[in-house]
Amino acid sequence: MEFDFKDGLITLDRRDIGETLNFSKRFAVFIEDGLDAGKISEKIRGAKGIIVCIQGLQSTEIKDVRKIGEMLSKNAKKDAKIMWSFGISNKEKIMVMASW
């Protein structure tokens, strides 16, 4: 499965990623087709750093992106650092990088 980073409307740089995932003992990457973050949300329980990359269609609305962020943050630690990006694509996908 591939994830396209080229046309981001909201992007992350190396510094954002480094600050979010720094000093981690465990790290995992999850990718799901579509915009349902339910399965990933359960897998990241207790994460202290989360990077969420969302690919949506031209018709994707900010409320859809916000819903994904809220769902994922519920299972993270209360003080988790969470960063996200969004880009337009011809396929809907979510990629989450989590660290504990």
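Before I turn to the charged pairs, let me say that helices here are DSSP runs of H or I with at least four residues, numbered from the N terminus. Please also keep in mind that what we are looking at is a predicted model.

With that in place, let us begin at helix H1, which covers residues 14-21, where Arg-15 and Glu-19 sit 4 residues apart and are therefore separated by about one helical turn. These two side chains form a salt bridge, and their closest N and O atoms are 2.9 Å apart. Arg-15 is exposed, at 61% relative accessible area, while Glu-19 is partly exposed, at 39%.

Glu-19 has another partner, since Lys-81 also forms a salt bridge with Glu-19, with 3.5 Å between the closest N and O atoms. Lys-81 belongs to strand S4, residues 81-88, whereas Glu-19 belongs to helix H1, so this pair ties together parts that lie 62 residues apart in sequence. Lys-81 itself counts as partly exposed, with a relative accessibility of 34%.

The count of salt bridges in this model comes to 4, and one of them joins Lys-63 to Glu-61, where the closest N and O atoms are 3.8 Å apart. Here Lys-63 counts as exposed at 52%, and Glu-61 as partly exposed at 43%. Returning to the earlier pairs, Arg-15, Glu-19 and Lys-81 are joined into one network through shared salt-bridge partners.

Finally, which residues form a nonpolar patch on the surface? They are Ile-10, Ile-62 and Trp-84, which together have about 270 Å² of accessible area. Of these, Ile-10 lies in strand S1, residues 8-10, and counts as partly exposed because its relative accessibility is 36%.

Notes
Residues are numbered from 1 along each chain as its sequence is written. This is a predicted model: local features need pLDDT of at least 70, side-chain atom pairs count only at pLDDT 80 or more; totals for chains, interfaces and linings use all residues. Side-chain values use heavy atoms; hydrogens and water are left out. Patches are made of residues with over 30% relative accessible area and no salt bridge: like charges are joined within 9 Å, nonpolar side chains (Val, Leu, Ile, Met, Phe, Trp, Tyr) within 5 Å. Accessible areas come from the Shrake-Rupley method with a 1.4 Å probe; for residues, only the protein chains shown count as cover. Helices (H or I, at least four residues) and strands (E, at least two) are DSSP runs, numbered from the N terminus. Buried means under 20% relative accessible area, exposed over 50%, partly exposed in between (1.4 Å probe, protein chains only).
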